[in-house]
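Please find below a colleague's note on the structure, set out as numbered points. Sequence and model are shown first for reference.

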Amino acid sequence: MSEVARAARHAALAPTRAAGLARLADFTPRMGAAYAAGRNHDLGPGAHDAVSGLSPWVRHRLVSEAEVIGAAEAAHGAGGAGKFVQEVLWRTYWKGWMEQRPSVWHDYTAAVARALADAAGEVAAVAAGRTGIACMDCWARELVDTGYLHNHVRMWFASIWCFTLLLPWQLGADLFLRHLRDADAASNTLSWRWVAGLQTRGKPYIARAENIARYTGGRFNPVGELNEAPSPLPPGPPEPMVQLPAPAPPPQGRVALLLHEDDLLAETLPLGRAEVAAVGGIAVPNFRSPAGCAPLAASWAGGALADGLDRAGRHFGVQAQAITELADWAEDTGCDTVISPYAPVGWTADALAFAEQELADRGIRLHRLCRPWDSAHWPHAQSGFFAFAAKAERRQK
Ligand SMILES: Cc1cc2nc3c(=O)[nH]c(=O)nc-3n(C[C@H](O)[C@H](O)[C@H](O)COP(=O)(O)OP(=O)(O)OC[C@H]3O[C@@H](n4cnc5c(N)ncnc54)[C@H](O)[C@@H]3O)c2cc1C
């Protein structure tokens, strides 16, 4: 690759809203029939042209779901953009589903902590591309080198992990979280559960050599290497449901705004009559996993936070800063309320729950601000995706 091409690729992958909007504009003409026809084909690293590659920006809300869906429908109409819109809605659905069943996340993190020590060597061998299954080794290297995998590859990878390598699904999910630039607690945990047959109970996703050969254009054909008739994993008890949090009243008065990697679009937060006196941001990459976070993924999330802070500072006309000591920073602002975009169930919410008591001890309240997009959609993530999507599509009309 030439130096100019390398610089252009680097700029296109920048963790900024500007780079996300440029990618959105570039991909919009392909969000219709071309996406529906090509989205399942994985043509290998550097050739993911049939899919958008937008997930790292959407996951960090450098670009919102509403913006992406709006662009798709404006260009292709609701019918033509249907498949693409449906894929974007999976993200909202997974978040709403897990928000109402937080024990799934907490059971998962506890299982990772228990299993990691026992299987660290086997996980490291897969990550280093040493399983001896050519497709798996190639995908593991792509994951580690680029922080991205095509959706179909994620499904094959997870299935081979669970049913051919017979490793605990939680450790595969953990490997993804440590390396993906779009690492997302709900989409990742629940997609791994879906592949394992725990989400749609008793119906695991089985990676088949014929399907891999067809959708990789014959680059791989692991005939005889995969377990294509696995025994189902034990299902476990039904997941207890909790109420979604009641919407907080609109904020008022002088507040300190706290950003984090789950939502970096501060300029469109419904801040009501609040006066933002200070903006700070926390990065907690090491809360992703007991094994930490890979440098590439941590640096992408850190860059995204820096971009969010930069824009928020300019928007609210205050100096914005990355902070390490949340309670000290909050006290120094002189505000008795810290407002934060709602962090859905996941590692940022875990870190904020941890910090909340220390803030309270200093007389400072943490006010979590849910976006209208989330509060309108999440209550409908009660059972299956297709009922959820039908309601979401009716609401958007
Ligand atoms: C085992 C497994 C683990 C996954 N882990 C993650 C994860 O940690 N973070 C993550 O963002 N996605 C995850 N996904 C979902 C999906 O694979 C990625 O969102 C998608 O591949 C991103 O690539 P893209 O932007 O090119 O997608 P496109 O095909 O261009 O889709 C457009 C947008 O729709 C959304 N989207 C598409 N498919 C899904 C899906 N199945 N679930 C949720 N949103 C979707 C993304 O925001 C994406 O940018 C996982 C899927 C599987 C099977």
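The points that follow take up the nonpolar cores, the aromatic pairs, the largest pocket, two loop residues, and helices 10 and 11.

1. Status of the model. The structure is a predicted model. The values quoted in this note are computed from that model and should be read accordingly.

2. The largest nonpolar core. This core comprises 100 residues, of which W139, F157 and W161 touch the most other members. Helix 7, spanning residues 103–127, is the element that gives the most to the core, with ten residues. Beyond four places in sequence, W139 touches D42, L149, V153, W156, F157, I160, I212 and F220. F157 is thus both a partner of W139 and one of the three residues that touch the most other core members. As general background, nonpolar side chains in soluble globular proteins tend to be buried together.

3. The second core. Separate from the largest core there is a second one of 18 residues. Among its members are A256, W329, L352 and L359.

4. The pair W90 and Y93. The structure holds 24 aromatic pairs. One of them joins W90 and Y93 edge-to-face, with 5.8 Å from centre to centre and 85 degrees between the planes. Both residues belong to helix 6 (residues 82–99) and are three residues apart, which is about one turn of the helix. Are these two residues buried or exposed? Y93 counts as buried because its relative accessibility is 4%, under the 20% limit. W90 has a relative accessible area of 22% and is therefore partly exposed.

5. The pair W161 and W192. The ring centres of W161 and W192 lie 6.0 Å apart and their planes meet at 85 degrees, so this pair is edge-to-face. Here the pair links distant parts of the chain, with W161 in helix 9 (residues 151–163) and W192 in helix 11 (residues 185–196), 31 residues apart. W161 counts as buried, at 0% relative accessibility, and W192 likewise counts as buried, at 2%. W161 is also one of the three residues that touch the most other members of the largest core.

6. Aromatic cluster and charges over rings. W90, Y93, W94, F385, F386 and F388 form one aromatic cluster. There are also arginine side chains placed over aromatic rings. The charged end of R101 sits over the ring of W97, at 4.0 Å from its centre. The charged end of R154 sits over the ring of Y148, at 5.5 Å from its centre.

7. The largest pocket. The volume of the largest pocket is about 1300 Å³. Its lining consists of 50 residues, and those closest to the centre are E87, W90, W94, N151 and S191. W90 and W94 are also members of the aromatic cluster described above. Which helices supply at least two residues each to the lining? They include helix 4 (55–59), helix 6, helix 9, helix 11 and helix 17 (385–396). Helix 6 gives the most, with ten residues.

8. Positive phi values in two loops. R61 lies in the loop between helix 4 and helix 5 (65–80), and its phi is near 50 degrees, a positive value in a residue other than glycine. L166 lies in the loop between helix 9 and helix 10 (169–179), and its phi is near 55 degrees, again positive in a residue other than glycine. As to burial, R61 is buried, with a relative accessible area of 3%, whereas L166 is exposed, with a relative accessible area of 65%.

9. Helix 10. This helix is mostly covered, since eleven of its eleven residues are buried. Among the buried residues are W169, D174, R178 and H179. What covers the buried residues of helix 10? The covering elements include helix 7, helix 8 (134–146), helix 9, helix 11, helix 13 (295–316) and helix 15 (347–361).

10. S187 in helix 11. S187 lies in helix 11 and counts as buried, at 16% relative accessibility. Leaving aside neighbours within four places in sequence, S187 is in contact with R91 and W94. The C-alpha atoms of S187 and R59 are separated by 9.5 Å, although these residues are 128 residues apart along the chain.

Conventions
Residues numbered from 1 in each chain as written. Predicted model: local features only at pLDDT ≥ 70, side-chain atom pairs only at ≥ 80, totals over all residues. Heavy atoms only, no water. Core = buried A, V, L, I, M, F, W, Y, C linked by side-chain atoms within 4.5 Å. Buried < 20%, exposed > 50% of the residue type's maximum accessible area, 1.4 Å probe, protein only. Helix = DSSP H or I, 4+ residues; strand = E, 2+ residues; numbered from the N terminus. Contact = heavy atoms within 4.5 Å. Phe/Tyr/Trp six-rings, centres within 6.5 Å; stacked < 30°, edge-to-face > 60°. Lys NZ or Arg CZ within 6 Å of the ring centre and 35° of its normal. 1 Å grid on protein atoms, 1.4 Å probe; cavity = no way out; pocket = protein on both sides within 12 Å on 5 of 7 lines; lining within 4 Å. Points joined across faces, edges and corners; volume = space filled by probe spheres on them.
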